[in-house]
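I opened a fresh page for this structure. My notes below follow the order in which I looked things up.

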Amino acid sequence: MPIVCYRDQIIRAVTGGKPAMVFHVVDETALRRLCDRLAEAERAVEILRAKGHGQPGLLLDELAELVPAIK
């Protein structure tokens, strides 16, 4: 999911559905970091599953525990 979609979903969840484009965000940098992290986590899950690790429904930390350590 694109980062802007996370941003819009977070704003709508917090404001009760107010359009994200008209809502003033006090700390845009912090919101951007949260959205970046969500997008990064989503991509990590996709990569791990494509490599055969885990199954749908596992949390990212549970999925990461299944990956063997590099020695």
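**Terms first.** I took helices to be DSSP runs of H or I with at least four residues, numbered from the N terminus. The model is a predicted one, and I read every entry below with that in mind.

**Entry: a place to start.** With that definition I looked up Ala50. I found Ala50 in helix α2. I then checked its surface. Ala50 has a relative accessible area of 71%, so I noted Ala50 as exposed. I also compared Ala50 with Val22. The two are 28 residues apart in sequence, and their C-alpha atoms are 38 Å apart in space.

**Entry: the elements.** How many helices and strands does the chain have? I counted 3 helices and 0 strands. Read from the N terminus, the order is α-α-α. The radius of gyration is 16 Å, while the globule rule gives 11 Å for 71 residues, so the chain is more spread out than a compact globule. I also took the box along the principal axes. The C-alpha atoms fill roughly 50 × 25 × 15 Å.

**Entry: surface and contacts.** I looked up how much of the chain is buried. Of the 71 residues, 15% are buried. The chain exposes about 5600 Å², and carbon and sulfur atoms supply 60% of that area. Then I turned to contacts with a separation of 6 or more. Residues 24 or more positions apart account for 30% of them.

**Entry: helix α2.** I checked the length of α2 against its residue count. Helix α2 covers residues 28–50, which is 23 residues. At 1.5 Å a residue it should span 33 Å, and its end C-alpha atoms are 33 Å apart, so the two values agree. Next I listed its buried residues. They are Leu31, Cys35, Ala39, Val45 and Leu48. What covers the buried residues of α2? The cover includes α1 and α3, the latter at residues 60–65. I also looked just past the helix. Gly52 follows α2, and its phi is positive, near 90 degrees.

**Entry: Tyr6.** I moved to helix α1, residues 3–15, where Tyr6 is found. Is Tyr6 buried or exposed? Its relative accessible area is 11%, under the 20% cut-off, so I wrote down Tyr6 as buried. The side chain of Tyr6 makes a polar contact with the side chain of Glu42, at 3.0 Å. I then took the C-alpha distance from Tyr6 to Arg32. It is 9.2 Å, with their positions 26 residues apart in sequence.

**Entry: the cysteines.** I wanted to know about disulfides. A disulfide is a covalent bond between the sulfur atoms of two cysteines. How many disulfides does the rule count? The count comes to 0. Why is Cys5 not bonded to Cys35? The cysteine sulfur closest to that of Cys5 is in Cys35, 9.8 Å away, and that is too far for a bond. The cut-off is 2.5 Å. I ran the check from the other side too. For Cys35 the closest cysteine sulfur is in Cys5, again at 9.8 Å and too far. I compared their surroundings as well. Cys5 is partly exposed at 30% relative accessibility, whereas Cys35 is buried at 1%.

**Entry: toward the C terminus.** I looked up Asp61 in helix α3. Its relative accessibility is 52%, so Asp61 counts as exposed. I measured nothing by hand here; the C-alpha atoms of Asp61 and Arg7 come out 23 Å apart, with 54 residues separating them along the chain. Last came Ala69, in the segment after α3. Ala69 has a relative accessible area of 64%, so I noted Ala69 as exposed. Ala69 and Ile11 are 58 residues apart in sequence, and 38 Å separates their C-alpha atoms.

Conventions: Residues are numbered from 1 along each chain as its sequence is written. This is a predicted model: local features need pLDDT of at least 70, side-chain atom pairs count only at pLDDT 80 or more; totals for chains, interfaces and linings use all residues. Side-chain values use heavy atoms; hydrogens and water are left out. Helices (H or I, at least four residues) and strands (E, at least two) are DSSP runs, numbered from the N terminus. Buried means under 20% relative accessible area, exposed over 50%, partly exposed in between (1.4 Å probe, protein chains only). A polar contact is a pair of N or O atoms within 3.5 Å; within protein, one must be able to donate a hydrogen and the other to accept it, and residues adjacent in sequence count only if both atoms are side-chain atoms. The expected span of a helix is 1.5 Å times one less than its number of residues. Contact means heavy atoms within 4.5 Å. The radius of gyration is taken over C-alpha atoms; the globule rule is 2.2 Å times the number of residues to the power 0.38. Accessible areas come from the Shrake-Rupley method with a 1.4 Å probe; for residues, only the protein chains shown count as cover.
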